[in-house]
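Trainee: Got a minute to go through a structure with me? I'd like to talk about its charged pairs and its overall fold.
Mentor: Sure, pull it up and we'll start with the charges.

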Amino acid sequence: MSSNLVKGTAILTVGLFLSKALGLLYLIPLYAIVGEENIPLYQYAYVPYNIALAIAISGAPLAISKYVSKYNELGDYATGRKLLKSGMLVMAITGLVSFITLYLLAEPIAKLVHSSDDQTFSVDDVAGVIRWVSYALLAVPLMSIVRGFLQGYQKFEPTSVSQLVEQIVRIIVVLVGAFIVVNVLDGSPKTAVNFAVFAAFIGALAGLVVLFKYWKSYKPELDHLLANSPPASDVSFKEMYTEVFAYILPFVLVGVINPLYQFVDMITFNKAMSSIGFAEVTETYLGMLNLLTHKFVMIPVMVATGFSMALIPVITSYYVKKDQIGITRSLDQTFQIMLYLTVPMVIGIIILSDELYQTLYSKSTVGSEILASYAPVAILFGLYTVTAAILQGIDRHKWIIFTSLLGLFFKLVLNIPLIKMFETNGAILATSIGYTVAVGINLAIIIKVLHYRSRMVFRRLILIGILNAIMFLVVTFTLKGLTVISPVDGKMQSILYILICATVGAAIYGYLSLKTGLAQKLFGERLTRFTKKLGF
């Protein structure tokens with residue numbers, strides 16, 4: 001079972017990483033096709049779509065897999081199949097309701113976004129892209145229940161492969177469609193963006209086809225188990241869905257909170273910027289904040305939490321057994337690994353913000369400054385995800401709701417005044433304050449409930465800080481030396497400087513981590529055996 005879990009986690013993590021990486025890379029050609037001035041229209045569609053999607057399916061695969069797995073362990077395969085059959089109908093209805101709701105709310109949302117006639121996009125432009133992306137909600141919820149059902153049988157490959165195929169097909173349709181609209185049909189970039197967001201629906205259909213093929217291949221095995229199963233347990237549909245939704249609800253808010261922060265920016269940013277005389281550029285800046293730089297910022301979050309989240313079930317187990325030593329050791333490792341991985345990546349993004357932004361998009365002083373300012377918030381995003389997961393593991397779901405909504409309240413209240421004071425950095429500061437409030441209270445609850453005290457982790461975090469400070473100085477001087485020899489001129493030179501600086505940074509950080517023994521203590525015996533051969 002443990003080997004299956006490790007294998008399954010690896011499959012899901014690799015699939016998610018590839019999917020997210022593609023989600024960043026395809027913006028490069030799309031940006032080139034539609035231009036910097038039109039790319040913000042793309043994010044107007046995806047922020048409300050991500051909220052609707054999170055509400056419609058967030059946590060559903062995990063909740064369904066837990067439910068199916070629970071009854072499978074009892075030899076009751078019929079109850080899981082009962083959930084699948086009824087769940088397909090429920091998810092179809094959920095998807096339809098979500099689609100209709102988002103479609104009808106498109107114009108009201110667009111009116112919230114539009115605050116000045118000097119803006120690039122009209123109410124009809126914004127409402128149009130929201131309506132086009134809403135069609136994807138008809139298909140995506142159906143995928144979630146099939147993925148969850150198969151995961152309940154320890155079959156993780158369908159989820160990973162379908163996510164990857166969904167993303168690949170969507171990106172192909174986005175880029176080919178946008179190119180044809182602009183360069184072959186001589187259509188407007190706005191029309192190309194409408195087609196690009198509709199590609200989410202086509203990608204979802206491709207994901208469904210992949211899941212259907214997996215279902216056909218697994219069906220004989222699943223039917224054999226079902227034939228030898230006792231009749232479905234005497235669980236009413238009400239009891240079944242009460243249990244499933246009890247699993248889902250804590251994940252909904254965690255899944256939707258980041259899009260909600262972006263939505264606050266979406267409905268307040270233009271109004272605040274217009275009021276201080278930036279109406280003509282406000283949508284370009286918002287696109288940089290909510291789409292172009294946000295994709296960068298989420299990379300260290302994804303990598304760090306991918307490692308640390310694997311430790312959360314262990315914490316839950318220790319909590320149930322009231323093993324205080326195990327709890328402390330697991331929390332120590334979780335926080336250390338998360339910060340050990342996140343902080344150097346954040347520092348790298350800050351130092352190389354000009355080169356990174358120019359490589360992926362185009363040279364932009366404003367864009368690179370936003371990226372450098374936004375990058376540190378990745379640490380808060382990661383801490384929020386980890387602390388919320390720990391609270392879920394110890395059944396403190398109400399606190400997750402409270403702290404998340406309190407942080408969102410601070411973001412909503414502070415966003416406009418801070419934007420008026422600091423422009424785009426004001427929105428970033430409001431996000432930082434909101435997440436700091438949520439993370440701070442989450443940590444306080446964890447410390448109180450789990451009696452968590454650790455001087456060792458405090459010392460280790462200081463060591464991580466020192467190693468990162470040394471790396472920061474070395475990489476900064478490396479970049480300055482390169483630019484003195486030859487200032488950055490074009491994308492190829494930016495890529496070269498990124499590769500050189502990243503290699504130097506990784507080498508310095510890795511060497512110091514091994515020399516101090518930090519890496520060995522964090523990543524265990526296998527690394528220790530390997531490093532001994534190298535003389536560390």
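**Charged pairs and fold**

Mentor: Let's begin with two residues that are both buried, Glu166 and Arg147. Keep in mind that this is a predicted model.

Trainee: OK, how do the side chains of Glu166 and Arg147 meet?
Mentor: They form a salt bridge, with 3.3 Å from N to O. This pair links distant parts of the chain, since Glu166 sits in helix H8 and Arg147 in helix H7 (residues 140–151), 19 residues apart.

Trainee: And why does Glu166 count as buried?
Mentor: Its relative accessible area is 17%, and buried means under 20%.

Trainee: What else is Glu166 in contact with, leaving aside neighbours within four places in sequence?
Mentor: Besides Arg147, Glu166 touches Val140, Met143, Gly203, Ala204 and Gly207.

Trainee: How many salt bridges turn up in the whole structure?
Mentor: Eight. One of them joins Lys111 to Glu107, with the closest N and O atoms 3.5 Å apart. Those two are four residues apart in helix H5 (residues 77–113), so about one helical turn separates them.

Trainee: Is Lys111 buried or exposed?
Mentor: Exposed, because its relative accessible area is 52%. Glu107 is partly exposed at 31%.

Trainee: Which residues are linked in a network of salt bridges?
Mentor: Arg81, Lys219 and Asp223. Within that group, the closest N and O atoms of Asp223 and Lys219 are 2.7 Å apart. Asp223 and Lys219 also lie four residues apart, this time in helix H9 (residues 189–227).

Trainee: Switching topic, what's the secondary structure of the chain?
Mentor: It has 22 helices and zero strands. The radius of gyration is 24 Å, close to the 24 Å from the globule rule for 536 residues, so the chain is as compact as a globular protein of that length.

Trainee: Where is the largest nonpolar core centred, I mean which residues have the most contacts inside it?
Mentor: Leu30, Tyr42, Tyr44, Tyr49, Leu292 and Tyr361, in a core of 161 residues. Helix H10 (residues 237–275) gives the largest share of this core, 16 residues.

Trainee: What about nonpolar side chains on the surface, which ones make a patch?
Mentor: Ile168, Ile172, Val176, Phe179, Ile180, Val184 and Leu185 make a nonpolar surface patch of about 630 Å². Ile172 is in helix H8 (residues 157–184), and with 48% relative accessibility Ile172 counts as partly exposed.

Methods. Residues are numbered from 1 along each chain as its sequence is written. This is a predicted model: local features need pLDDT of at least 70, side-chain atom pairs count only at pLDDT 80 or more; totals for chains, interfaces and linings use all residues. Side-chain values use heavy atoms; hydrogens and water are left out. Patches are made of residues with over 30% relative accessible area and no salt bridge: like charges are joined within 9 Å, nonpolar side chains (Val, Leu, Ile, Met, Phe, Trp, Tyr) within 5 Å. Accessible areas come from the Shrake-Rupley method with a 1.4 Å probe; for residues, only the protein chains shown count as cover. A salt bridge is a side-chain nitrogen of Lys or Arg within 4 Å of a carboxyl oxygen of Asp or Glu. Buried means under 20% relative accessible area, exposed over 50%, partly exposed in between (1.4 Å probe, protein chains only). The radius of gyration is taken over C-alpha atoms; the globule rule is 2.2 Å times the number of residues to the power 0.38. A nonpolar core is a set of buried Ala, Val, Leu, Ile, Met, Phe, Trp, Tyr and Cys residues joined through side-chain atoms within 4.5 Å. Contact means heavy atoms within 4.5 Å.
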